[in-house]
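Dear colleague,

I am passing on the structure we discussed, and my notes on it follow below the display. Please read them with the structure open beside you.

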Amino acid sequence: MTVRDILKMGDPRLLRVAQPVTQFDADELHLLITDMLDSMRAANGAGLAAPQIGVDIQVVIFGSNERNSRYPDAPIVPKTVLLNPVITPLGQSEHDATVLEVEDWEGCLSVPGLRAMVPRFSRIRYTGFDQYGDPIDRTVEGFHARVVQHECDHLMGVLYPMRVRDFSRFGFTEVLFPGLDTPQDD
Ligand code: NI
């Protein structure tokens, strides 16, 4: 188990556009993903992208099979390893092509101690591959869609504060949510 240091906002490595994975099911890739899973678990994160530990390739992980104490009210998102992701915003249903955005609170392990209301597409399709090269193709909404968009933004060098529109709803977690039981590092 190797818990890696998570880069914080201001580090230029968080602003790079990550390179696609070209070799699946490789030892180096499996080691990276093990380290990312260990690091996410240690930080109690909802997700983690490879650039957050300084690795410039298109790998994100998110979800867990149990509830997250940083997001106690959030629905469970299945534990997922996603490589080379592509996100397509979707309409609300087969009969309603209107693409909606919704705002909700987000935090980030690279922006410790802060939360903001961030607009995201409410319903998306995402495709990509797992670490063995098997395809992933899911249509999701709500918190699941939000987590995927947040993590995939890291692959484009985008941190959630860059998406904030209403800065009156951007602040310190301990001030915004005084009752929330959060670990020291966020
Ligand atoms: Ni993040």
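**Aromatic pairs**

F170 has a relative accessibility of 25% and therefore counts as partly exposed. The model is a predicted one, and what follows should be read with that in mind. F170 belongs to a cluster in which ring pairs link it with Y160 and F167.

Across the whole structure, a search finds five aromatic pairs. One of them is formed by F24 and F129, a tilted pair with 5.3 Å from centre to centre and 50° between the planes. Because F24 lies in the segment before α1 (27-43) while F129 lies in strand β6 (residues 123-129), this pair ties together parts that are 105 residues apart in sequence. The pair of F167 and F170 is likewise described as tilted, since the ring centres are 6.0 Å apart and the planes stand at 50°. As for accessibility, F24 is partly exposed at 26%, and F129 is partly exposed too, with a relative accessible area of 31%.

**Helix α1**

The 17 residues of α1 should span 24 Å at 1.5 Å a residue, and the end C-alpha atoms of the helix are 24 Å apart, so the two values agree. The buried residues of α1 are L29, L32, I33, D35, M36, L37, D38, S39, M40 and A43, and what covers them includes β1 (47-49), β2 (59-62) and β3 (80-89). When you look at the spacing of these residues along the helix, it may help to recall that an α-helix has 3.6 residues a turn, so residues three or four places apart point the same way. Following α1 comes N44, which has a positive phi, near 60°.

**The sheet of β4, β5 and β8**

Three strands form an open sheet with antiparallel pairing, in the order β4-β5-β8. Its edge strands, each of which pairs on one side only, are β4 (101-106) and β8 (170-172), and from one strand to the next the twist averages 25°. Between β4 and strand β5 (residues 114-121), which run antiparallel, there are six bridges; to find your way into this pairing, you could start from V102, whose bridge partner in β5 is R120.

**Helix α2**

Lying across β4 and β5 is helix α2 (residues 142-154), which runs at about 105° to β5. Its 13 residues should span 18 Å at 1.5 Å a residue, and because the end C-alpha atoms are 19 Å apart, the expected and modelled values agree. Of the 13 residues of α2, 12 are buried, so the helix is largely enclosed by the rest of the structure. The buried residues run from one named position to the next as F143, H144, A145, R146, V147, V148, Q149, H150, E151, C152, D153 and H154.

H154, which lies in helix α2, deserves a separate look. At 1% relative accessibility, H154 counts as buried. Leaving aside residues up to four places away in sequence, H154 touches L14, R16, A49, P51, Q52, C108 and L159. H154 and A50 are 104 residues apart in sequence, yet their C-alpha atoms are 8.3 Å apart in space.

**The hairpin of β6 and β7**

Strand β6 pairs with strand β7 (residues 135-141) in the antiparallel sense, over seven bridges, and the bridge partner of R123 in β7 is E141. The hairpin of β6 and β7 has five residues between its strands, and in this hairpin G133 takes a positive phi near 90°.

**Cysteines**

How many disulfides does a search of the whole structure find? The search finds zero. For C152 the reason is one of distance, because the closest cysteine sulfur, in C108, is 13 Å from the sulfur of C152, too far for a bond, where a disulfide would need the two sulfur atoms within 2.5 Å. C108 is buried, with a relative accessible area of 3%, and C152 is buried as well, with a relative accessible area of 7%.

With best wishes

Technical notes:
Residues are numbered from 1 along each chain as its sequence is written. This is a predicted model: local features need pLDDT of at least 70, side-chain atom pairs count only at pLDDT 80 or more; totals for chains, interfaces and linings use all residues. Side-chain values use heavy atoms; hydrogens and water are left out. Buried means under 20% relative accessible area, exposed over 50%, partly exposed in between (1.4 Å probe, protein chains only). Two strands pair if DSSP finds at least two bridges between them. Helices (H or I, at least four residues) and strands (E, at least two) are DSSP runs, numbered from the N terminus. Axes are lines fitted to C-alpha atoms, for helices over the stretch in contact, and angles run from 0 to 180 degrees between N-to-C directions. Contact means heavy atoms within 4.5 Å. The expected span of a helix is 1.5 Å times one less than its number of residues. Rings of Phe, Tyr and Trp (its six-membered ring) pair if their centres lie within 6.5 Å; planes under 30 degrees apart count as stacked, over 60 as edge-to-face and the rest as tilted.
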